[in-house]
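Visitor: Could you take me through one part of this protein slowly? I would like a close look at a single strand and its neighbours.

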Amino acid sequence: MRVILFGPPGSGKGTQARELAEKFKVPHIATGDMFREAASRGTELGKRLAKLLGRGELVPDELVIEVVKERLSQDDTKEGFILDGFPRTIPQARALDEILGGSYVVVKLDVPDDEVIRRISGRRTCINCGGVFNVYSNPPEVEGKCDFCGSELIVREDDVEEKVRRRLEVYKQTTACLNEYYGGKVRVVDGTGSPDEVFKRLLLALK
Ligand code: AMP
């Protein structure tokens, strides 16, 4: 079970990737979560990352590739993984092929722009485990607390509308290049509707 999941910000990648990882008992590898965690440390690298993430810009390929390569070398990825948010550029896609040297499934979660903006305005993210909720469509059991680990839920700094619009622009360049790279290999899944509905469609697409 090697899955590459991509889609616009707010398409439900994080939520779906987490569910898939749980069902298939493989790790959920989310580069955005890894960078947010690194950015929260006060190191020089952390500060550089915080700036890029805050602006909705991409982290340089070289650094992303190094981080993912290291993560995929760990033993828990032997039976597979769900990659969420990587690759995002052609050099990243090429590097991944070199690292994996084998087969995988590429799934794109499709959600229209206006729906993305609407969803992100309600999004709350766990400061500890990266769990994602939505105050309108997928609220946590206890307001402001993560269902998975009980930590505080916050609005991500890059989840404000202006930054979301920039991330959407960046995503459109990403999609264009991933479509070009993977071509007919991409399985497109309708990402609208409830998380359960989308999950059912995803499972069908993975068959
Ligand atoms: P995400 O949580 O996937 O929306 O990612 C949040 C932010 O992390 C992005 O806006 C980028 O700044 C950075 N990021 C995550 N994954 C990548 C990647 N594969 N390449 C470059 N930057 C990334």
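Guide: Here is a walk along strand 1 and the strands it pairs with. The model is predicted, so local features need pLDDT of at least 70, side-chain atom pairs count only at pLDDT 80 or more, and totals for chains, interfaces and linings use all residues. Residues are numbered from 1 along each chain as its sequence is written, and side-chain values use heavy atoms, with hydrogens and water left out.

Strand 1 covers residues 2–6. Strands here are DSSP runs of E with at least two residues, numbered from the N terminus. Because four of its five residues are buried, strand 1 is largely enclosed by the rest of the structure. Buried means under 20% relative accessible area, with a 1.4 Å probe and protein chains only.

Now look at the partners. Two strands pair if DSSP finds at least two bridges between them. Strand 1 pairs with strand 3, residues 81–84, through four bridges in the parallel sense. Strand 4, residues 105–110, is also joined to strand 1 by four bridges, and these two run parallel. Ile4 is a handy place to see both pairings: its bridge partner in strand 3 is Leu83, and its bridge partner in strand 4 is Val106. As you follow the strand, remember that in a regular strand the side chains alternate between the two faces of the sheet.

Definitions and conventions: Buried < 20%, exposed > 50% of the residue type's maximum accessible area, 1.4 Å probe, protein only.
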